[in-house]
Amino acid sequence: MTQDSVDEEHVREFVETSLDARVVHCERQPRWRPAWFLDAECAGETLRLYFRGDRGISQGGAYELEHEMRCLQVLGRAGIPVPHVYGFCDEPRGILMERAAGRADLSTALDDAERHAVQDDYMRILARIHGLDTAAFEAAGLSLPSPDTPLALSDFAIWERGFRKSKTRPEPLLEFGIRWLHRHVPASQARVSFVCCDSGQFMFENGRVTALLDLELAHLGDPAEDLAGLRTRDLSEPLGDLRRALATYERATGQAVDRRLVDYHTIRFALVTPMAIAPMVAAPPPGVDLVQYLCWYHVYSRAPLEVIAHMQGIPLEPPSLPEPEPTRHSAAHDALVRALRPARDADRFSAYRGDAALRIAEYLRRAERYGPALEADDLAEAAVLIGRRPRDWRDADAELESLVGSAGPECDAELIRYFYRRTLRQESLLAPVMRELADAQIQMLD
């Protein structure tokens with residue numbers, strides 16, 4: 001019996017024992033995170049349930065699943081639409097909650113009228129959340145920001161510590177972003193509020209939000225964080241015109257939004273993604289959806305560069321991309337792609353796993369044809385910055401990280417232009433398998 005089968009059996013047992021119910025349907029959600037949809041008969045009615053499992057990234061215990069459960073419970077008591085929590089399972093770790101009605105991803109709205117109605121409803125809910133007293137969240141274990149830390153940096157120290165602890169190779173782009181954030185901390189006069197952090201995730205139906213989703217990273221901080229989170233979420237799940245959304249929020253709160261502060265938080269939060277997953281990209285553990293993580297790593301490294309460039313008036317130009325150069329091994333790559341196409345009759349989760357393997361094969365096929373030329377261009381540009389031709393990409397990264405650590409602000413523009421071109425080169429290798437992140441562009445607010 002596989003670990004997945006064991007986990008599913010334990011999930012079933014937990015539901016039946018804790019709810020005194022009988023599970024009549026259980027299906028693994030086809031995604032990178034362990035999660036299950038369940039239907040259970042209980043006291044003559046059918047409960048629609050969702051088991052949200054642990055993804056294994058907690059940043060030193062700061063964002064364990066129990067934290068998310070407590071946030072859901074406090075928000076529910078405050079009248080915010082969130083799924084009802086039925087309990088917490090220790091093995092496998094996960095939250096058992098209500099399966100909310102409706103669908104996720106606002107890009108699936110039927111028309112502009114529904115999209116605008118849902119967007120407005122969500123922004124009004126966000127304004128309500130930011131107006132809640134923090135006392136109930138503090139009682140649930142959330143900590144107020146340290147008075148020694150600028151509010152604009154919020155929980156960034158947690159992510160930076162985690163990044164440093166798990167870092168296994170030079171990460172010059174991320175080190176540049178971290179240094180930039182510390183050099184440009186803005187003042188914020190906002191009242192400390194509960195913030196969803198990874199905002200813009202919800203279920204909706206008939207023009208209304210039915211439930212907020214994914215409060216894993218929620219904390220007490222600056223409300224502008226949630227407005228920034230909308231921009232990063234929009235990269236993979238389009239939320240519509242965010243300038244319109246901010247106007248709705250301003251009407252709901254009666255306060256003007258500092259768009260430069262939102263820009264700063266956009267840069268900060270976007271960088272958190274590649275900082276958190278850098279070790280998984282460098283040394284993928286068994287079972288990881290590698291291409292999905294690579295897409296997140298590169299897109300969420302590029303987006304903050306684009307916002308910084310916009311703020312500072314730095315023009316950006318994409319790199320020129322080479323023509324493919326097939327090798328004697330190209331036929332084998334083609335054959336592997338054909339062999340890994342999932343069977344049509346596979347269940348949804350098996351199809352997902354097969355698709356994850358297929359995406360890796362397609363990525364490697366493209367890397368074989370385009371990779372050498374792209375690497376040569378990247379090393380040539382790195383040579384201009386570090387003053388010598390690097391031996392290989394490892395040597396280049398080590399030298400670039402050293403340069404980033406010693407360079408002053410006068411070097412920012414050239415470093416940003418280089419790192420921008422570098423991320424686009426890597427994205428070009430992933431182009432056929434980027435799915436929801438294909439051609440993703442961060443929305444500017446002015």
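This is a short tour of side-chain contacts, one pocket and a few backbone features, stop by stop. The model is predicted, so every value below is computed from its coordinates.

**Stop 1: strands E1, E2 and E3**

Start by selecting arginine 22 and glutamate 41. Their side chains meet in a salt bridge, at 2.9 Å from N to O. The two residues belong to distant parts of the chain: arginine 22 is in strand E1 (residues 22–28) and glutamate 41 is in strand E2 (residues 35–42), 19 residues apart. Arginine 22 is partly exposed, with a relative accessible area of 47%, and glutamate 41 is also partly exposed, at 39%.

Stay on E2 and add tryptophan 36 and phenylalanine 51. Show their rings as sticks and you will find an edge-to-face aromatic pair, 5.9 Å centre to centre with 70° between the planes. Tryptophan 36 lies in E2 and phenylalanine 51 in strand E3 (residues 45–53), so this pair ties together parts that are 15 residues apart in sequence. Tryptophan 36 is buried at 2% relative accessible area, and phenylalanine 51 is buried at 0%.

Now select phenylalanine 37 and tyrosine 50. How are these two rings arranged? They form a tilted aromatic pair, with centres 5.4 Å apart and 45° between the planes. Phenylalanine 37 sits in E2 and tyrosine 50 in E3, so here the pair ties together parts 13 residues apart in sequence. Both phenylalanine 37 and tyrosine 50 are buried.

Before leaving, bring up arginine 28. This residue lies over the face of tryptophan 36, at 5.0 Å from the ring centre.

**Stop 2: more aromatic side chains**

Across the whole structure, a search finds 13 aromatic pairs. For a cluster, select Trp32, Tyr293 and Trp296, which group together as one. Then go to arginine 366, which lies over the face of tyrosine 370 at 4.4 Å from the ring centre.

**Stop 3: salt bridges further along the chain**

Side chains of opposite charge can pair when their charged atoms come close. The count for this model comes to 47 salt bridges.

Select lysine 167 and glutamate 175 for one of them: the closest N and O atoms are 2.6 Å apart. Are these partners buried or exposed? Lysine 167 is partly exposed at 26% relative accessibility, whereas glutamate 175 is buried at 10%.

Next, select aspartate 378 and arginine 422, whose side chains form a salt bridge at 3.7 Å, N to O. Aspartate 378 is in helix H12 (residues 348–386) and arginine 422 is in helix H14 (residues 412–430), so look for a link between distant parts of the chain, 44 residues apart. Both of these residues are buried.

Widen the selection to Asp378, Glu381, Asp397, Glu414, Arg417, Arg421, Arg422 and Arg425. Salt bridges link these residues in a network.

**Stop 4: the second largest pocket**

Asp397 leads on to the next view. The second largest pocket has a volume of about 700 Å³. Of the 27 residues that line this pocket, Arg169, His298, Trp393, Asp397 and Gln426 are the closest to its centre, which makes them a handy selection to centre on.

Which helix gives the most to the lining? That is H12, with six residues. Colour the helices to see the other contributors: helix H6 (172–183), helix H9 (259–282), helix H10 (290–312), helix H13 (393–406) and H14 are among those that each supply at least two residues. By residue type, the lining divides into 15 nonpolar, five polar and seven charged.

**Stop 5: backbone details in three loops**

Finish with the backbone. Select glutamate 91 and proline 92, which are joined by a cis peptide bond with omega of about -5°. Proline 92 lies in the loop between strand E4 (85–90) and strand E5 (93–98).

Move to aspartate 105, in the loop between strand E6 (103–104) and helix H3 (112–130). Its phi is near 75°, a positive value in a residue other than glycine. Aspartate 105 is partly exposed, with a relative accessible area of 21%.

The last selection is asparagine 206, in the loop between strand E8 (202–205) and strand E9 (208–212). Phi is positive here as well, near 50°, and asparagine 206 is exposed at 70% relative accessibility.

Technical notes. Residues are numbered from 1 along each chain as its sequence is written. This is a predicted model: local features need pLDDT of at least 70, side-chain atom pairs count only at pLDDT 80 or more; totals for chains, interfaces and linings use all residues. Side-chain values use heavy atoms; hydrogens and water are left out. A salt bridge is a side-chain nitrogen of Lys or Arg within 4 Å of a carboxyl oxygen of Asp or Glu. Helices (H or I, at least four residues) and strands (E, at least two) are DSSP runs, numbered from the N terminus. Buried means under 20% relative accessible area, exposed over 50%, partly exposed in between (1.4 Å probe, protein chains only). On a 1 Å grid over the protein atoms alone, a cavity is a set of points where a 1.4 Å probe fits but cannot get out, and a pocket is an open set with protein on both sides within 12 Å along at least five of seven lines; lining residues have an atom within 4 Å of a point. Grid points are joined across faces, edges and corners, and a volume is the space filled by probe spheres set on the points. Ala, Val, Leu, Ile, Met, Phe, Trp, Tyr, Cys and Pro count as nonpolar, Asp, Glu, Lys and Arg as charged, and the others, Gly among them, as polar. Rings of Phe, Tyr and Trp (its six-membered ring) pair if their centres lie within 6.5 Å; planes under 30 degrees apart count as stacked, over 60 as edge-to-face and the rest as tilted. A charge sits over a ring if NZ of Lys or CZ of Arg is within 6 Å of the ring centre and within 35 degrees of the ring normal.
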